[in-house]
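This briefing covers the overall dimensions, the surface and one sheet of a single chain. The points are grouped by topic.

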Amino acid sequence: MTGSSFSQALSKVETNKLLWEYVGSLPAQKGYEKNAGLAGLLQGTIGEYIVVGGGANFPDVLEKGGKKVTHRDIYLLKEVKGKLETLEQIQLAYPIGYGLSVSVKEENAIYYLGGSPEKEHSRDILKITLEKGKLKTKIVGQLPLSVENGVAQYKDGKIYYGVGKLENPEGKNVNSNKFFSYDIKTGKVEELADFPGEARQQTIGQILNNKFYVFSGGSNVSYIDGYAYDFKTKSWEKAADVIIDKKEILLLGANSIKIAEDKMLVLGGFNYKLWNDANHYLSTLKDEALQEYKKEYFGAEPSWYGWNRKILIYNASNNTWKALGEVPFDASCGAALLKLKDNIYSINGEIKPGVRTERMFKGTVVSY
């Protein structure tokens, strides 16, 4: 993708502002009375359409023993009169969630890698296209290892992916720093140089200035570091940590879009200190103390968690992070984040532990 193909409005968002508005909600999954919102969705664009689906939620609230459900529904969306309308809703033969989504414009297709809780489909490479305005899905290959909660981007006929939860020799998905390429023509998977940071999941990444930038994520602790894979040297180099105004910002659970050849925009992310504290207490407290902490932690209002509401920009040309203000809605993690023409769409996501939103928002660049 060349710089000239980017939306002029989005590439200049730093000198303007984003106006956000509610543009609708996803319909209920088939067999359910309402959509409880989703996190970890399949996401992408095909022409003037948005495609989202799969993902997971808790139809019954987590603190009352609700179990996570991963879904099979895929939605074809298009903006009509200022709202995102669902033009079609289909179901896959199996559930998907937290896999890796890549839109390939040359093929008018979305590729979805891994991301199924069903073992027989956890390595699938799913291809989503449109035929006569209708969604078509097809399994076009298999990965050598199952994958979820990682990064993936397309470049020159290949999907580069990894730095998430990958299958280990015992068949379990574990945090990994492995990095691969998948050739969409030949089906060949090549293992590349390992990501130099600790093994982790829920990283974010974009290809900027001909390098694949990967930031943040977490394991039993969280990370704010960043690295860039150079396609020419086939090696990694250090990039700026996610620190703005001397404050560490965790991007675990965030999502990103590329807005210029050298810039990406990021929304979401858990609170750095609270996430580390919760990870510690939930794994070390026992009996009554654990139940008391769970009651407080899971029962709070969304604002209590301090998740990242800042609109962040990373500039690869000068290796800097900056904030552009905040979104006017609850910060979300695991949301779909897409750009189409001059607009940004934030779809669903988790707004507190175990709670999703079914709402969809559009951000439009306007001049001061």
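Two residues are in contact when heavy atoms lie within 4.5 Å. On that basis, residues 24 or more positions apart account for 54% of the contacts in the chain with a separation of 6 or more. The model is predicted, and its chain holds three helices and 32 strands.

**Overall dimensions**
- The radius of gyration of the chain is 19 Å, which agrees with the value near 21 Å that a compact globule of 368 residues would have.
- Along the principal axes, the C-alpha atoms occupy a box of roughly 60 × 55 × 45 Å.

**Burial, surface and charge**
- Of the 368 residues in the chain, 55% are buried.
- The exposed area of the chain is about 16600 Å², and 47% of this comes from carbon and sulfur atoms.
- The chain carries 48 positive and 44 negative charges, and the mean positions of the two sets are 4 Å apart.

**An open sheet of three strands**
- Strands 11, 14 and 15 form an open sheet in the order 11-14-15, and the pairing is antiparallel.
- Strand 11 (147–148) and strand 15 (173–175) are the edges; each has a single partner strand, so one side of each has no neighbour in the sheet.
- Strands of a sheet pair through backbone hydrogen bonds, in either a parallel or an antiparallel arrangement.
- Two bridges join strand 11 to strand 14 (residues 165–167) in the antiparallel sense.
- Across this pair, Glu-148 stands opposite Lys-165 of strand 14.

Technical notes: Residues are numbered from 1 along each chain as its sequence is written. This is a predicted model: local features need pLDDT of at least 70, side-chain atom pairs count only at pLDDT 80 or more; totals for chains, interfaces and linings use all residues. Side-chain values use heavy atoms; hydrogens and water are left out. Helices (H or I, at least four residues) and strands (E, at least two) are DSSP runs, numbered from the N terminus. The radius of gyration is taken over C-alpha atoms; the globule rule is 2.2 Å times the number of residues to the power 0.38. Buried means under 20% relative accessible area, exposed over 50%, partly exposed in between (1.4 Å probe, protein chains only). Accessible areas come from the Shrake-Rupley method with a 1.4 Å probe; for residues, only the protein chains shown count as cover. Lys and Arg count as positive and Asp and Glu as negative; His and the chain ends are not counted. The place of a charge is taken as NZ of Lys, CZ of Arg, CG of Asp or CD of Glu. Two strands pair if DSSP finds at least two bridges between them.
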